[in-house]
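Hello,

Here is the structure I promised to pass on. Have a look at it first, and my notes follow underneath.

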Amino acid sequence: MDGSDELDVERAKRLLLADGRFRVLERVALPDRRVSLGPTAGSRIGICLDTETTGLDPSADTIVELALRRFRYTSAGEIVALDAPFAWLEDPGQPLDPVVSRLTGLSDADLAGCTIDDGAAVELMLSASLVVAHNSRFDRPFVEKRLPAAAGLRWSCSMEEVDWAAAGYEGRALRWLLDQAGWFYDAHRAGDDVDALIELLRHRLGDGATVLSHVIAGAERGGWLVRAHGAHYDRKDALRSRGYFWNGASGEWMREVVDELLDDEREWLRLQVYSPDHRPRAPGPVIDRIDAGSRYRRLQ
């Protein structure tokens, strides 16, 4: 597209937006090479990561595609450079579920004989100050199981560390958030999702800050992981309403709370879960300190 075509596109875009009856979405199209976007002095290295897997359970299922891309970012959440993208396929050693094939576009033939380059993937991950995924609670357990040498890094999550509702967005799915931000992308392969995530991280919210700045802030905060160990089944609705989520691996309801709310949470649990009337199977919750190095890990 030459300069005159670019001007025509911009003119058409302005006309459509001014009309008020249309929305204009731009395709995510990051360059597939290393590129500088601004001064890099004092910047840090981050990694955006996505996986495609044979299923939802890290203990039973495996990664069939791992994609990651390094970027440089400032303390203000500005992405100032992109590395080239990396992606690997891996043969799971068994036929894919048709649902997985339909979602990813991958076939058994695509995966036959393929394997992740462990050394390259681990080296890239260890170079980063922060790993970001758009559902780290899903991706992190799979990655750390497959690449144990990269376990324990600092992770954050663009889905959970941004208050999307308060920012005026509906839902938290990556494709839908991008749509509301004015972008679209076609496929659901891991590499496409990584570039889509990078574009989302660069987006500025109504407060003028980038999405990445909120993600960084989430990584910096400490908190407490409260596990309602031994809670009776009948308390599930109360726990869910309180903001707890179910961890199938450990068989517990859990949530994270900040320092100043921990005492309130203990008291709520004492009255609403561990009172003798509620028939608990344990005397109280399990409470552990949590930060970016441990947040979103699979708990046994």
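**What packs around helix α4**

The buried residues of α4 are covered by elements that include the strands β3 (44-53), β4 (63-73), β6 (86-89), β7 (130-133) and β8 (155-157), along with the helix α5 (136-146). Please keep in mind that this is a predicted model.

Which residues of α4 are the buried ones? In this helix, spanning residues 118-126, they are Ala121, Val122, Leu124 and Met125. These residues lie on the same side of α4, because the arc they cover around the axis is only 160°. The helical repeat helps here: with 3.6 residues a turn in an α-helix, residues three or four places apart point the same way.

**A threonine between two strands**

β3 and β4 also frame another spot you may like, since the loop between them holds Thr54. Is Thr54 buried or exposed? Its relative accessible area is 16%, and buried means under 20%, so Thr54 counts as buried. Its side chain makes a polar contact with the side chain of Asp61, at 3.3 Å. Leaving aside residues up to four places away in sequence, Thr54 touches Asp61, Thr62, Val64, Pro92, Leu96 and Val100.

**An arginine in helix α10**

Further along the chain is Arg266, which sits in helix α10 (residues 262-272). Arg266 is partly exposed, with a relative accessible area of 44%. If you want a long-range pair to look at, take Arg266 and Val35: they are 231 residues apart along the chain, and 49 Å separates their C-alpha atoms.

Best wishes

Technical notes
Residues are numbered from 1 along each chain as its sequence is written. This is a predicted model: local features need pLDDT of at least 70, side-chain atom pairs count only at pLDDT 80 or more; totals for chains, interfaces and linings use all residues. Side-chain values use heavy atoms; hydrogens and water are left out. Buried means under 20% relative accessible area, exposed over 50%, partly exposed in between (1.4 Å probe, protein chains only). Helices (H or I, at least four residues) and strands (E, at least two) are DSSP runs, numbered from the N terminus. The arc is that of the directions from the helix axis to the C-beta atoms. Contact means heavy atoms within 4.5 Å. A polar contact is a pair of N or O atoms within 3.5 Å; within protein, one must be able to donate a hydrogen and the other to accept it, and residues adjacent in sequence count only if both atoms are side-chain atoms.
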